[in-house]
Amino acid sequence: MDEVGWQLRGEAATQALGERLAAFVSAQPPEQRLLLTLSGPLGAGKSALARAVLRALGVQGTVRSPTYTLVEPYHLDDGRQFRHLDLYRLADPEELEFIGYFDDSQVSQLTVVEWAERVPAVLEAADLQLRLAHGASADERRAEARAFSTAGKAWLAAVGGRI
């Protein structure tokens with residue numbers, strides 16, 4: 001298991017990390033399926049990071065956190081598809097079956113899941129897990145990443161060190 005961590009000072013650092021994560025996804029063949037999980041306390045920057053990744057991948061318009069809808073799909077004009085899930089309000093892991101999570105996993109090139117720790121099967125399937133935490137000041141965050149697959153290790157190596 002490979003691990004790396006970053007100090008994220010301000011919105012620009014979160015944006016930069018999102019762009020580096022997205023660059024790896026963009027460089028992959030369209031049939032590559034990647035799962036990125038984001039964990040951490042409320043307000044740690046999970047949604048901001050997910051938004052940064054999706055914007056860097058070319059998602060236009062509003063990128064909202066799917067706190068109440070659980071899943072937000074994005075279909076780009078070039079045929080690429082991404083999903084953003086927020087499992088904070090998930091009452092039962094079986095709800096993922098009802099929303100088609102497992103069916104859609106074969107369609108979306110990237111799935112970003114916030115609060116994945118609420119469903120251990122999702123967390124365990126991640127290529128790359130990011131844990132975000134509050135820092136010493138209001139605009140500082142700590143991000144720690146762990147790779148759990150060959151693709152995840154390549155992703156982590158591509159993102160690299162300092163942000």
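## Strand β2 and its surroundings

Leu34 has Leu110 as its bridge partner in β5. That pairing is a good place to enter this predicted model, in which local features need pLDDT of at least 70, side-chain atom pairs count only at pLDDT 80 or more, and totals for chains, interfaces and linings use all residues. Residues are numbered from 1 along each chain as its sequence is written, and side-chain values use heavy atoms, with hydrogens and water left out. Helices (H or I, at least four residues) and strands (E, at least two) are DSSP runs, numbered from the N terminus.

**The sheet**

Let us start with the strands. An open sheet with mixed pairing is formed by 7 strands, in the order β1-β7-β6-β2-β5-β4-β3. Its edge strands are β1 (2-9) and β3, each of which pairs on one side only; two strands pair if DSSP finds at least two bridges between them. On average, and ignoring direction, neighbouring strands of this sheet are turned by 15° against each other. The table sets out three of the pairings.

| Strands | Sense | Bridges | One bridge pair |
|---|---|---|---|
| β2 (residues 34-39) and β5 (residues 110-114) | parallel | 5 bridges | Leu34 and Leu110 |
| β2 and β6 (residues 128-134) | parallel | 4 bridges | Ser39 and Arg131 |
| β3 and β4 | antiparallel | 5 bridges | Tyr74 and Phe82 |

How many residues of β2 are buried? The count is 6 of the 6, so the strand is largely enclosed by the rest of the structure. Here buried means under 20% relative accessible area, exposed over 50%, and partly exposed in between (1.4 Å probe, protein chains only). Both faces of β2 are covered, with Leu34, Leu36 and Leu38 buried on one side and Leu35, Thr37 and Ser39 buried on the other.

**Helices around the sheet**

Now for the helices. Helix α1 packs on the sheet, touching β1, β2, β4, β5, β6 and β7 (140-147), and its direction makes about 145° with that of β1. Helix α6 also packs on the sheet, where it touches β1, β2, β5, β6 and β7; the direction of α6 makes about 40° with that of β1.

These two helices meet each other as well. Helix α1 (residues 11-27) and helix α6 (residues 150-159) pack at an angle of about 130°, with their axes 9 Å apart. That makes α1 oblique to α6, since angles under 35 degrees count as roughly parallel, over 145 as roughly antiparallel, 65 to 115 as roughly perpendicular and the rest as oblique. Axes are lines fitted to C-alpha atoms, for helices over the stretch in contact, and angles run from 0 to 180 degrees between N-to-C directions. Leu17, Arg20, Leu21, Phe24 and Val25 in α1 meet Ala151, Ala154, Trp155, Ala158 and Val159 in α6, where contact means heavy atoms within 4.5 Å. The residues of this contact divide into 9 nonpolar, no polar and 1 charged (Ala, Val, Leu, Ile, Met, Phe, Trp, Tyr, Cys and Pro count as nonpolar, Asp, Glu, Lys and Arg as charged, and the others, Gly among them, as polar).

Helix α2 (residues 46-56) has Lys46, Ser47, Leu49, Ala50, Ala52, Val53 and Leu54 as its buried residues. They pack against α1, β2, β3 (71-75), β4 (81-86), β5 and β6.

**Positive phi angles**

Gly58, which follows α2, has a positive phi near 105°. Leu70 is not a glycine, yet its phi is positive at about 75°. Leu70 lies in the loop between α2 and β3 and is buried, with a relative accessible area of 9%. Trp115, also not a glycine, has a positive phi of about 60°. Trp115 sits in the loop between β5 and α5 (120-125) and counts as buried at 11% relative accessibility.
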